[in-house]
Amino acid sequence: MPTCQNCKSHWSWKQTLRSQFVFDTGMKCPFCNSKQYLNAKTRKKFFLSLIIVLLLMIFPAFFNISPVISVILIFVLAALSLLIYPFYTELTNEEPTLDTK
Ligand SMILES: [Zn+2]
């Protein structure tokens with residue numbers, strides 16, 4: 001579970017999920033109200049999972065899988081990644097910059 005880099009409090013699964021649904025670049029710590037951001041490692045994991053979902057979307061075209069099943073599969077995967085999201089989230093105090101080294 002993520003730890004606030006400002007007050008070192010551990011966020012619960014529910015708090016992490018809730019802070020995700022804020023249309024802002026940062027997430028507010030429920031304990032100290034400081035802004036927290038996803039670190040580079042977490043953002044890389046998100047990018048990878050996005051690629052996997054995209055690959056799964058074109059997958060049925062090659063293997064003759066029914067579109068209904070592939071849509072269900074994508075939804076299940078999206079729900080699963082949302083459920084496990086708080087477990088691999090790591091936070092940082094610094095706002096991420098666009099340049100990825
Ligand atoms: Zn905090």
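Helix α2 (residues 40-63) is a good place to start in this predicted model, and F47 lies within this helix. Despite its aromatic side chain, F47 counts as exposed, because 10 other C-beta atoms lie within 10 Å, and a residue is classed as exposed at 12 or fewer. Further along the chain comes P60, 13 residues away from F47 in sequence; the two C-alpha atoms are separated by 21 Å in space.

The helix that follows gives a similar chance to check geometry and exposure together. Helix α3 covers residues 67-84, and at 1.5 Å a residue its 18 residues should span 26 Å; the end C-alpha atoms are indeed 26 Å apart, so expectation and model agree. Helix α3 is also hardly covered, with a count of zero buried residues among the 18.

These helical stretches can be set beside the database record. An unreviewed UniProt entry places the feature "transmembrane region" at residues 46-63 and 69-88. In the model, residues 46-63 are 100% helix and 0% strand, with end C-alpha atoms 26 Å apart. For residues 69-88 the figures are 80% helix and 0% strand, and here the end C-alpha atoms lie 28 Å apart.

Turning to the fold as a whole, the protein chain contains three helices and three strands, arranged along the sequence in the pattern α-β-β-α-α-β. The strands come together as an open, antiparallel sheet in the order β1-β2-β3. Strands β1 and β3 (91-92) form the edges of this sheet, each pairing on one side only. Between β1 and β2, which run antiparallel, there are two bridges. M27 stands opposite Q36 of β2.

Residue L91 offers a helpful view of how distant parts of the chain meet. Setting aside neighbours within four places in sequence, L91 contacts P2, T3, C4 and Q5, as well as Q36, Y37, L38 and N39. L91 also belongs to the largest nonpolar core, a set of five residues completed by C4, W11, C29 and L38. In soluble globular proteins, nonpolar side chains tend to be buried together. Across the protein chain, 11% of the 101 residues count as buried.

Two residues stand out for their backbone geometry. Most residues other than glycine have a negative phi. K8, however, has a positive phi near 60°, and is found in the segment before α1 (13-20). N33 likewise has a positive phi, of about 65°, although it is not a glycine; N33 sits in the loop between β1 (27-28) and β2 (35-38). Are these residues buried or exposed? K8 counts as exposed because it has 9 C-beta neighbours inside 10 Å, and N33 counts as exposed because it has 10 such neighbours inside 10 Å.

The overall dimensions complete the picture. The C-alpha trace of the protein chain spans about 50 × 30 × 20 Å along its principal axes. The radius of gyration is 16 Å, whereas a compact globule of 101 residues would have a value near 13 Å. Among contacts in the protein chain with a separation of 6 or more, 60% are accounted for by residues 24 or more positions apart.

Methods
Residues numbered from 1 in each chain as written. Predicted model: local features only at pLDDT ≥ 70, side-chain atom pairs only at ≥ 80, totals over all residues. Helix = DSSP H or I, 4+ residues; strand = E, 2+ residues; numbered from the N terminus. Buried ≥ 20, exposed ≤ 12 C-beta atoms within 10 Å, placed from the backbone. Pairing = 2+ DSSP bridges. Expected span 1.5 Å × (residues − 1). UniProt positions renumbered as here; feature names shortened; annotations may be inferred. Core = buried A, V, L, I, M, F, W, Y, C linked by C-beta atoms within 7 Å. Contact = placed C-beta atoms within 7 Å. Rg over C-alpha atoms; globule rule 2.2 N^0.38 Å.
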